[in-house]
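Subject: Structure for your files

Hello,

Here is the structure I said I would pass on. My notes on it follow below.

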Amino acid sequence: MTESSSPPLADLLHAAVTTVGGTERPGQTAMAQAVAEAIDDSSHLLVQAGTGTGKSLGYLVPALAHGERVVVATATLALQRQLVERDLPRTVEALHPLLRRRPEFAMLKGRSNYLCLHRLHEGVPQEDADEAGLFDPFEAATPTSKLGKDLLRLRDWSDETETGDRDDLSPGVSDRAWSQVSVTSRECLGASKCAYGAECFAEAARERAKLADVVVTNHALLAIDAIEGAPVLPSHEVLIVDEAHELVSRVTGVASGELTPGQVNRAVRRAAKLVNEQAADALQTASEGFERLMELALPGRLEKIPEDLGYVLMALRDAARTVISALGATRDASVKDEDAIRKQALGSVENIHQVAERIVEGSEYDVVWYERHDRFGASLRVAPLSVSGLLREKLFDDRSVVLTSATLKLGGDFNGVAASLGLVPESPQDPEGGEETAPRWQGLDVGSPFDYSKQGILYVAKHLAQPGREGSRADMLDELAELVEAAGGRTLGLFSSMRAAQAAAENLRGRLDAPILLQGEETLGELIRAFAADARTCLFGTLSLWQGVDVPGPSCQLVVMDRVPFPRPDDPLMSARQKAVEEAGGNGFMAVAATHAALLMAQGAGRLVRASDDRGIVAVLDPRVERARYGSFLRKSMPDFWYTTDRNQVRRSLAAIDAAAKAQGA
């Protein structure tokens, strides 16, 4: 059915909202109308839709009504599952009688998310089995060990599952166990060469996606599809990016490369049995040179590639190229499962060649640095200075793109986020009728159904000392303890580092009766469940808690941020991006560091009010939010809470909220 013959959008939205048992909201209606208009005129739209708006229906209904294929890309597994298991089935059921057609939908992920039947039945190639100490993981792993139990359960599950999707396995298994039964796209033999190609779960998922009207995927797969020149998503006319505040980070990750001594040595071992001695020796020699150099590597950015590193990387690149040619020219019928072993070796060596060549070429648009990890040692990394040009070229061409999130307006407008995506400040068509040089887009803030100014308080502790780079903050810990005590627990503590979260948990456990949960001491899911179950409990942690906690009700009535979460001053990529903005005449601090912090603070503050009857306080224990020039930018990026710096008022408010919650039995 064509879009012009569809029922009115208002009728479709009403039917969908009624079916899910919800209530139509002005923001949701405005969003749906704007999405429909953007799709109709092939333009682009940034929509800020606050918590509780019902943004999933706000984009699904107009997309389904249009009748063309739509791809929905999300950042989190939770939202992908919500769309496929709840929102889409209900919406399709509601719209079917009105549209007189039943749109199909499917989920598509990267290949390593699916069980590989070849790996399951033929085993891990010998090289990986040796590394893991498992010549046959199903036989050598003791049945009573955690790994053995996981592998046996995976074998049983393979006979039951229809999808082979790791996320459909409950309870889950360890990464080590999953790696024994999955492959990356580089390692995959391809359906035509694999004995199990006809039954392949990953290929079946791709076929379902080709037939679907709505394909739900993730940001990483979207990035691979857009920038690697090898389409993995079916052709589509509409792209909707939910949780769009995460997109730049995910695309940067996909566009980055890494070399480590362990990775290079693994590639050498995989290739050695399959190529001639001369080619293998050359790669081995280059690998040894790289490993010696990395033993001395100091963390930090390499603005210019040192001469010794350049020589080592050229040797790696050239040796890898020779091995790649040799791998393509030889076959050994006596080697069991030789195609799988060859494919895995080829993937490993191709990655080394690709990253080494990229660093040797030395693009001005790349940032190169050394990293050193206490457990894994040194690594050499390369990432794009910016992905805005890449996104502008690859994302916004030949389709309408809708980007939505609860946090797209930073400092009061969309321009900062838009610039990071490759979109220039909002600009309608040239009034003189000239040719447009940039994608057409508009920003829309549809607000939130919550009355933030009455439901929450933003408190900045301006009396505290400004946090320094090192040392404990005794005054901050005292303030935190007093706030938690006044709140009767009920606290989500968001910290800028794991060290700070650990120090705060240790300190408060010694002086308060309230249970303090700490990220890392249990799985995140278990911690959140325990936090939600007991109102006296507090949960302290770092980055994933700033964005991943949804606990409405009395268990979360105080959200505390220990300091403004600026990127580390020694972060090579962030500091390089900041410097590039400054060299171009802009304000690097505001464009990079302040924008990064504002986005996290907006997300963190959004943990407080998750339902219409939620009440509470967001406390920022960093006086710079009040005193510094950029403080107003940070405050404007957060929900419109009632603002105060009065510590006594906040304690009275917390005590009142705690008393009300206790009176209700919470």
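Helix 14 covers residues 277–295, 19 in number, and spans 27 Å from its first C-alpha to its last, close to the 27 Å expected at 1.5 Å a residue (the expected span is 1.5 Å times one less than the number of residues; helices, H or I of at least four residues, and strands, E of at least two, are DSSP runs numbered from the N terminus). This is a predicted model, in which local features need pLDDT of at least 70 and side-chain atom pairs pLDDT 80 or more, while totals for chains, interfaces and linings use all residues. Residues are numbered from 1 along each chain as its sequence is written, and side-chain values use heavy atoms, with hydrogens and water left out.

At the N-terminal end of helix 14, Asn 276 acts as a cap, with a side-chain oxygen 3.2 Å from the backbone nitrogen of Gln 278. The buried residues of helix 14 include Leu 283, Phe 290 and Leu 293 (buried is under 20% relative accessible area, exposed over 50%, partly exposed in between, with a 1.4 Å probe and protein chains only).

The aromatic pairs number seven (ring centres of Phe, Tyr or Trp, the last by its six-membered ring, within 6.5 Å; planes under 30 degrees apart are stacked, over 60 edge-to-face, the rest tilted). Phe 566 and Phe 589 make a tilted pair, 5.4 Å centre to centre with 55° between the planes. Phe 566 is in the loop between strand 16 and helix 24 and Phe 589 is in helix 25, so this pair ties together parts 23 residues apart in sequence. Phe 589 also forms a tilted pair with Tyr 630, at 5.2 Å and 55°.

Regards

Notes:
Polar contact = N/O pair within 3.5 Å; in protein donor to acceptor, adjacent residues only side chain to side chain.
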